[in-house]
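Please keep the sequence and the coordinates open side by side while reading. The paragraphs below are meant to be followed with the structure in view.

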Amino acid sequence: MVRAITKGERYVQLLFIIFTFARNISTAVTHYSIPEEMKEGSVVANLASDLSLDVATLNRRRMRVDIIANKKYLDVNKETGELYIVEKIDRELICPTKSSAPCYLRLEIILENPVRIFNIEVEILDMNDNAPQFRRDVIHLDISEATPKGERFSLSNAADPDVGANSLKTYELSESEHFNIEVQTGRDGSKFADLILKKPLDREKQAAHNLMLTAIDGGTPARSGTASVIIRVLDTNDNAPTFDKPSYNVNIFENDPIGSLVVQVKAVDLDEGSNSEVTYSYSLYTSEKTQETFNLNPTTGKVTVKGMLNYEDFRIYDMEVIATDKGVNSLSGQCTIKILVEDMNDNHPEISIKSFQSPVSENIELDTVIAVVSVSDKDSGDNGQVDLHIPENMPFKLRESSDNYYELVVSEPLDREKVPEYEITFTVTDRGSPPLSDNETMTLELLDVNDNVPQFSQSFYTIRVMENNAPGSLLSSLTAFDPDLHENQYLVYFIIEKEIANTSMSMLFSINPENGNLYALKTFDYEIEKEFLFHIEARDSGSPPLSSNVTVHIIIVDQNDNAPVIVSPWRAHGSVVEEKIPRSTDKGSLVAKVIALDTDSVHNSRITYQFLQVTDSSLFSLDQYNGEIRTMRMFSYKDSRHLRLVVVAKDNGQPALSATVTIKLLTVETDVKAYSDMTEMPLEYDIFSDINLYLVIGLASVSFLLLITILVTIVLKCQKPKHSKTAPPSRNSVISERNSTIADSTLVSNDAYWYSLFLAETRKGKLVVRQPVPKGSRYIVSSIPRGTGLSETSDSAASTLQASTTSSNSSK
């Protein structure tokens, strides 16, 4: 059976193996020496010969080279047993430490079957393959120009990786009158150089020195390295600032503005840096007045105007300027400046408003002083003489009160409504060349005075009002304008009281006191009231108040609201009139005359007549303007004995109103007395007989007396305390006798002219006469009995005309 191996037995077996292996390792060391930098492939030695090895077995025994702690620089040829160079060897790379000790490359030659190991040392011999080299190519040194002679300055040393005789041996310095070097040897044998100042430096002469330092080794041939030594001479404040001129003379004008350049001084310091930076300042010998008038820039040395110059006050300024550098121990230099001021017209005239009254009332009195102004000029001679003036075309003037004092007074009446304020510019000008001037503008405000009456846009207002207007309707706006201000401008409107027929205007019209709107308080009837004439007053709220009035003419415009009323032929009952006419009536004979009246205005009362119905249109003709019905031919036996004519009277209104009358004609064989005379005699219109003339005169006289009586009656009725609007207007009855041969009808209308219409039946026919009648009477229809010159008026029975008029009034 297999027995387990103990721990002690395993340890004995391991020692046996190690002892057997170590017995085959050679303890001898073979030493070779080769120079560095040998070419690749160069043979160092024949190891087979030197180590007594069989060349034929080297390949079988796997001979190899193992370099300890280095890369593989060497290798062995297994065919020949030669050790050769694989890669060029650099001693300074293998042994970087600067030392005189030998530099070795250690190898192990290993063979197998059996195992043998040989130790070999290859010494690498140094060659002069490196030149001395400085750490920096340029060495900078700063040396003050105040450094004493013999002062030493350490320079950066050079390094040479070679050893022995090939290492750094000495230094050399380029030629210089100020510097040389001294080579020193350190404890480790290294070489370094000290720079020695052999002559003092002057920066102002030469600010920098460029030297060349050379390091040389001891090899054959010798190698060297160089470095530039740049020495910058540090400045010492050993030069004082110097001005380009010891003194300056300058002329300036007294009108030179503040900030203008007077002179610029310049001081130079040969030093550098802060030692050459110069600042300028006034010395203690410069007066405070000069320092207050002129400014000295401490950096640039510019002298500029600081305060106002005045030739009359100060003419010469002296100053002393010091230039000081900024060195630790500062140095300074100085110069003097003399400034001469030349006189110029450099002072503007000045205006001073001593007193100014604003606002003032527009009704201020003439020659009232509004302002007091003083003028002055600091210049002398003509430059100090001044003139003061204000703009032209102003209601003011200047009046000199004393030396250089002026008063502004009112020279013309002021009117705020034309010019509410004045911009018054006072301009003062001296007499210099060129002249200088100044101005001051003041605003003068005018206070309003109630000096303007209200003004209407028209001096006369004509307002047309259509009759039957609604009560309270706006008729017009009567606005006035007052150019005053505030309460002087606020207007109140009134109707100036005036009575017409015991009726006040304020009962008929109303005006808004604030805006002047005029309103009607009642409905107007053109047939009763055609026009009104009164005054409107506009009053301002000033103290005392001012007012003005304007005439207002109210014209009532007629509406076609009255239908025509037929007053002839007379109709006792209804609208049918029966007449008799002889059948022997000639052609062109007057059969009847239709007369219609219209109480509207002339335009609406223009009446035209036309047949509405006619039994035989070939028998009768109707004049559309005068209403005459005439025969167009003789009656024949075929004509009916009863003829019916319907005539319509139409006015000219829009829309037109009308009235009709029916005339029934009965043709008779026997002549009617009333018409026999008419048909026997031809109609004459333009010839009056003596009897007719007397008759017309008598009728006119009687009508005039009757009109006076009616007017007195109307006035008495209007004076009653109460008026009845519903009462019909007073009209006289129409009285007609059907069997009378002479009938006269008189009409008085409400137009601008009143007419009387006389109808007279004579043996020669009917004659129409128009006669003007005084304004203000109503129309009257009356009859005059035959054979008398007196007119009679009757109120017995209401006629058709009266009934029509009454119904017309009630409809309104």
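What follows is a walk from the whole chain to its sheets, its salt bridges and a patch on its surface.

The model is a predicted one, and its secondary structure consists of nine helices and 55 strands. Of its 812 residues, 40% count as buried, while the protein exposes about 45700 Å², of which carbon and sulfur atoms supply 52%. Among contacts with a separation of 6 or more, 66% are between residues 24 or more positions apart.

Two of the sheets can be followed strand by strand. In one, four strands form an open sheet in the order β18-β25-β24-β21, and the pairing is mixed. Its edge strands are β18 (247–253) and β21 (278–282), each of which pairs on one side only, and the twist from one strand to the next averages 25°. Starting at the β21 edge, β21 and strand β24 (residues 316–325) pair in the antiparallel sense over five bridges; Thr279 has Thr324 of β24 as its bridge partner, and Tyr280 has Ala323 of β24. Further into the sheet, β24 runs antiparallel to strand β25 (residues 332–342), with nine bridges joining the two, and Met319 stands opposite Ile337 in β25. The connection from β24 to β25 is a hairpin through six residues. When tracing side chains along these elements, it may help to recall that in a regular strand the side chains alternate between the two faces of the sheet.

The other sheet is open as well, with three strands in the order β47-β51-β50 and antiparallel pairing. Because β47 (590–593) and β50 (620–622) stand at the edges with a single partner strand each, one side of each is left without a neighbour in the sheet. Here the twist averages 20° from one strand to the next. Three bridges hold the antiparallel pairing of β50 with strand β51 (residues 628–631), and Leu622 stands opposite Ile629 in β51.

Turning to charged residues, side chains of opposite charge can pair when their charged atoms come close. The count in this model comes to 24 salt bridges. In one of them, the side chains of Arg62 and Glu112 meet at 3.8 Å, N to O; Arg62 is in the loop between α3 (55–58) and β3 (64–67), and Glu112 is in the loop between β6 (103–111) and β7 (116–125), so that the pair links distant parts of the chain, 50 residues apart. Arg62 counts as exposed because its relative accessibility is 55%, whereas Glu112, with a relative accessible area of 23%, is partly exposed.

Another salt bridge is formed by Arg232 and Asp142, whose closest N and O atoms are 3.1 Å apart. Since Arg232 lies in strand β16 (residues 224–234) and Asp142 in strand β9 (residues 138–144), the pair ties together parts that are 90 residues apart in sequence. Both count as partly exposed, Arg232 at 42% relative accessibility and Asp142 at 45%. Elsewhere, Arg203, Glu204, Asp235 and Glu272 are linked in a network of salt bridges. Within this network, the closest N and O atoms of Glu204 and Arg203 are 3.1 Å apart; Arg203 counts as buried because its relative accessibility is 9%, and Glu204, at 26%, counts as partly exposed.

The surface also carries a nonpolar patch, formed by Phe704, Leu705, Ile708, Val712 and Leu716, with about 490 Å² of accessible area together. Of these residues, Leu716 is found in helix α8 (residues 690–718), and Leu716 counts as exposed because its relative accessibility is 54%.

Key
Residues numbered from 1 in each chain as written. Predicted model: local features only at pLDDT ≥ 70, side-chain atom pairs only at ≥ 80, totals over all residues. Heavy atoms only, no water. Patch = residues over 30% accessible without salt bridge, like charges linked within 9 Å, V, L, I, M, F, W, Y side chains within 5 Å. Areas by Shrake-Rupley, 256 points an atom, 1.4 Å probe, with all protein chains shown as cover. Salt bridge = Lys/Arg side-chain N within 4 Å of Asp/Glu carboxyl O. Buried < 20%, exposed > 50% of the residue type's maximum accessible area, 1.4 Å probe, protein only. Contact = heavy atoms within 4.5 Å. Pairing = 2+ DSSP bridges. Axes fitted to C-alpha atoms, helices over the stretch in contact; angles between N-to-C directions.
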